[in-house]
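Here are my notes on this one, as promised. Have the model open while you read, and go through the points in order.

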Amino acid sequence: KTPLVQVKDLKKYFSIDRHYLKAVDGLTLDIFPGETVGLVGESGCGKSTAGRTIIRLYEPTEGEVLYNGKNIYTYKHREMVKIRREIQMIFQDPYASLNPRMTVEEIIGEPFAIHRTLSGKKRKERIKELLKLVGLNPDHMSRFPHEFSGGQRQRIGIARALALEPKFIVCDEPISALDVSIQAQVVNLLKELQKKMGLTYLFIAHDLSMVKYISDRILVMYLGKMVELTDSESLYNVPLHPYTQALLSAVPIPDPDVKRERIVLKGDVPSPISPPSGCVFRTRCPAAMEICSKVEPKWQEVKPGHFTACHLYEV
Ligand code: SF4
Ligand code: MG
C-alpha cells in the first residue's frame, strides 16, 4: 500500500526572544488510506502544531509532507487552494470554531461558496444531506450555533469539514471539550463516516482514554519528539516507553477486578525553549539512567512495527 500522507523529518520552531521553541522536532510518519493514526501527548507537546503544519496551516521550519506523493510545501497558493478541498480539519472547541452570527446553513455552506462549487438550490440540498449524515435534523439549518448542545455543535463542525468530500482530516482533539457521555457518540460517528466515505484521519488526543477506539496505530509525542509508535493493541497491551506507560496508567479501567498501578510523573513538562539534554523525558522518567542525560535515544524498531526512542531498548 502507498501512504496517502508521508511526513518526513518535520520541524516547526517558533522564535521567541532570540530563542527557539521547538514545538515539533523531527516528526516522521506515514499515514495510509483509510487508516486512523492517533497522535497523543500532554498539552504543549506539539501535537496541535504538528497537525496544523502537516496540512500547511503553518509553514514548516524544515521537512516535507507528501500528499499522494507530492510535497505540498512546494505548492503555490492556487494549488494549495485546490488541495484544501481534500484536506480538512476538525477543531477541539466547536463553539469557538463556529461563527455565532452565522446560521448552520451559512456555516456548512461556506466551503461551497469559497470554492465556488455548489450554489442555490443544489447547495441547500447538499447541506441538508450533510446534516442528516452527521445525525442532525435538516430542518434546523436556519438555527444558530448557540441553539445546539456541545455534541451537536461538534457535529456541525464535522458536517462543514465533510462538505467538499475530503480524503484526509486532521481531528484536533474533537472530543476533549465534550462530556464523557457524548465522546463515544462522536467517536462512533467519525468511525461510521470513515467507512462510508473512505476517510483517512489523524486523530489528536491529550490522553489515551478514547483514542484506542478509533485508532489503528498510535503515535505518542513528548516535548516535540516522537516517543513511541505502534498499532493500538500493542500500545495498550505492551507499551514500551516509560512515558507511554505513565499515560496508560492514568486511563480508568472499567473492570473493577483489573488493577493497574498509577504511575505519577514527578514535576511538570519542561519548557520547550530549553528542553533537557539527552532524552527530553529524563527529568520525569522513573527509569532514567546516566546515559539518558548525555545521549539522545535513537528512534528504533524494537519489534516489527513497534517503534520507540528509549535507551532501555537500545541494542
Ligand atoms: Fe527514560 Fe532514559 Fe528511556 Fe528517556 S531514554 S525514557 S530517560 S529510560
Ligand atoms: Mg492542542
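1. First, a word on what "surround" means for the ligand: a residue is near a molecule if its C-beta atom, placed from the backbone, lies within 6 Å of it. With that in hand, ligand 1 has 14 residues around it. Cys279, Arg282, Cys285, Cys292 and Cys310 are the closest. Sorted by class, this shell counts 11 nonpolar, 2 polar and 1 charged residues. Bear in mind throughout that the model is predicted.

2. Next, the open sheet of 4 strands. Its order is β2-β1-β4-β5, and the pairing is antiparallel. On the edges sit β2 (19-31) and β5 (70-71), each with a partner on one side only. As a general reminder, strands of a sheet pair through backbone hydrogen bonds, either parallel or antiparallel.

3. Inside that sheet, β1 and β2 are joined by 10 bridges in the antiparallel sense. If you want a register check, lysine 12 has valine 24 in β2 as its bridge partner. The hairpin of β1 and β2 leaves 2 residues between the strands. Do look at aspartate 17 in this hairpin, as its phi is positive, near 45 degrees.

4. What about β1 (residues 5-16) and strand β4 (residues 62-67)? They also run antiparallel, and 5 bridges join them. Here valine 5 stands opposite tyrosine 67 in β4.

5. Then there is an open sheet of 8 strands, ordered β6-β7-β8-β3-β9-β10-β12-β11, and its pairing is mixed. Its edge strands are β6 (87-90) and β11 (299-303), which pair on one side only. From one strand to the next, the twist averages 20 degrees.

6. For a parallel pair in the 8-strand sheet, go to β3 (residues 36-40) and β8 (residues 200-205), which share 5 bridges. Leucine 39 has isoleucine 204 as its bridge partner in β8. Helix α9 (residues 242-249) packs on the sheet and touches β3, β9 (217-222) and β10 (225-231). The direction of α9 makes about 105 degrees with that of β9.

7. On to helix packing: how do α6 and α7 lie against each other? Helix α6 (residues 150-162) packs with helix α7 (residues 180-197) at an angle of about 20 degrees, and their axes are 10 Å apart. Angles under 35 degrees count as roughly parallel, so α6 is roughly parallel to α7. The crossing of α6 past α7 is right-handed.

8. As for who touches whom, α6 brings Gly150, Gly151, Gln154, Arg155, Ile158 and Leu162 to this contact, while α7 supplies Ile182, Gln185, Val186, Leu189 and Leu193. The class tally for the contact of α6 with α7 is 6 nonpolar, 4 polar and 1 charged residues.

9. Helix α6 also meets helix α4 (residues 104-114): the axes come within 7 Å and cross at roughly 30 degrees. These two helices are therefore roughly parallel to each other as well. Again the crossing is right-handed, with α4 passing α6.

10. In the contact of α4 with α6, Val104, Ile107, Ile108, Glu110 and Pro111 of α4 meet Ile156, Ala159 and Arg160 of α6. This contact has 6 nonpolar, no polar and 2 charged residues. Worth a second look are the charged ones, Glu110 in α4 and Arg160 in α6.

Notes. Residues numbered from 1 in each chain as written. Chains lettered and ligands numbered in written order. Predicted model: local features only at pLDDT ≥ 70, side-chain atom pairs only at ≥ 80, totals over all residues. Pairing = 2+ DSSP bridges. Axes fitted to C-alpha atoms, helices over the stretch in contact; angles between N-to-C directions. Parallel < 35°, antiparallel > 145°, perpendicular 65-115°, else oblique. Left-handed = near helix turned anticlockwise from the far one by under 90°. Contact = placed C-beta atoms within 7 Å.
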